[in-house]
Amino acid sequence: MESSVKAFADGKLDLGEVGHVLPAPGDAQRLECYIQPATVQSHASNLMPLPDGSLGCVWFGGTQEGVPDISAYFSRLPKGSDQWTKPVQLSDDPKRSEQNPLLFPAPNGSLWLIWTAQISGNQDTAIVRRRISHDNGETWGPIETVFDLRENGGTFMRQPVIVVDNGDWLLPIWVCTSTPGKKWVGDEDYSAVKITSDQGKTWREVVVPGSKGCVHMSIVNLGGARLAAFFRSRWADNIYVSRSEDFGATWSEAEPTELPNNNSSVQATRLANGHLAMVFNMSSAADATERRASLYDDIEDELDDGKVVPTIEAGKRSTFWGVPRAPMTVAISEDEGRTWPYRRNLETGDGYCMTNNSKEGMNREFSYPSIVQGPDGRLHIAYTVYRQAIKYVTVTEDWVRAA
């Protein structure tokens with residue numbers, strides 16, 4: 001049974017018993033709740049099991065993506081509890097929109113919070129910041145810059161750090177390339193991996209070949225030196241994949257998988273039995289009836305200095321914004337991501353996302369999922385609902401297969 005999202009007539013979500021994990025109506029095998037929102041808009045959650053046995057969740061919240069009041073928020077589901085904690089704000093830059101937070105429990109016992117910070121809707125101005133906790137997220141150190149502005153644009157990230165079997169830390173990023181005379185729209189974005197062999201003191205960068213238009217790189221450790229990475233497509237055609245046989249030092253050229261993509265985020269994880277699980281939207285540009293010019297075409301741009309308005313150029317692949325962000329689907333692969341025979345929808349709907357407006361309840365997307373496996377073997381999933389709240393769901397692999 002797929003969950004149904006309840007909304008009031010004015011477009012606002014009915015959050016129910018907020019933060020309390022309960023069986024879904026008519027499906028006792030699926031447990032779920034909304035994590036308590038702290039702001040009008042909530043988006044881009046990331047889940048991470050923490051060393052004390054709790055499950056952490058971070059996301060960004062404020063009035064609207066690209067506005068300077070967007071900040072990182074943190075909540076946790078304590079071990080043995082069925083109640084998520086009240087969210088805590090962990091960043092607050094009055095000039096930059098702070099987005100895409102992630103948690104990284106480092107092997108040395110520290111907990112990192114990493115996020116991006118951009119000016120208005122210009123992702124080519126993005127830098128990457130961090131805070132470090134030495135008490136499992138109860139208190140946090142000062143805000144530091146990990147990666148400053150690049151010569152050719154901004155650095156963005158969405159997916160967690162991976163520790164590979166040789167001890168290196170890998171942080172997947174994508175480069176939001178600046179084009180002289182034009183506003184950033186995503187057409188020239190490409191992916192790379194930041195690698196550190198000294199626990200974050202220094203980083204080197206490895207570009208993924210053939211990754212123009214492929215972003216949100218989600219790396220999965222297949223064991224030994226082997227890695228697979230799955231990508232969102234700016235072209236809204238398919239989820240793409242690249243592979244490495246040397247701990248991420250080199251990568252194969254990104255190529256399409258059998259799964260569709262709608263130019264929205266995906267995330268994959270390797271399960272204890274070796275299978276892969278992925279959450280994504282089962283849709284693509286072929287399902288779109290409308291098209292947006294930009295992700296940020298409904299907010300005021302602080303850097304609007306007369307740059308060329310984004311246009312779709314003849315004969316050139318262009319970023320496709322506005323594909324419906326629905327359904328929200330979870331899939332299982334038994335062959336390291338080459339095929340995905342088991343698929344089940346978590347949510348269905350029209351997925352309307354021609355605006356990011358949350359105050360007026362105009363957005364109906366299910367998007368930006370995160371997935372991890374807990375010690376008990378259950379799949380823990382979080383995703384955006386209507387740009388108003390983060391929904392948490394936990395199911396088993398067998399639940400997915402039973403579709």
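How many residues of strand β5 (residues 71-77) are buried? The count is 7 of 7, so the strand is mostly covered, where buried means under 20% relative accessible area (1.4 Å probe, protein chains only). These views come from a predicted model, in which local features need pLDDT of at least 70, side-chain atom pairs count only at pLDDT 80 or more, and totals for chains, interfaces and linings use all residues. Residues are numbered from 1 along each chain as its sequence is written, and side-chain values use heavy atoms, with hydrogens and water left out.

**View 1. The two faces of strand β5.** Strands here are DSSP runs of E, at least two residues long, numbered from the N terminus. Ser71, Tyr73, Ser75 and Leu77 point one way from β5. Ala72, Phe74 and Arg76 point the other way, and all of these residues are buried.

**View 2. β5 and its partners, β4 and β6.** Two strands pair if DSSP finds at least two bridges between them. Strand β4 (residues 55-62) runs antiparallel to β5, with 7 bridges joining them; Leu55 has Leu77 of β5 as its bridge partner. Strand β6 (residues 88-89) is antiparallel to β5 too, joined by 2 bridges, and here Tyr73 is partnered with Gln89 of β6.

**View 3. Cys57 and Cys353, two cysteines without a disulfide bond.** A disulfide is a pair of cysteine sulfur atoms within 2.5 Å, and the count comes to 0. Cys57 stays unbonded because its closest cysteine sulfur, in Cys33, is 9.7 Å away; Cys57 is buried, at 0% relative accessible area. For Cys353, the closest cysteine sulfur is in Cys176, 18 Å off and too far for a bond. Cys353 is buried as well, at 6%.

Technical notes: Buried < 20%, exposed > 50% of the residue type's maximum accessible area, 1.4 Å probe, protein only. Helix = DSSP H or I, 4+ residues; strand = E, 2+ residues; numbered from the N terminus.
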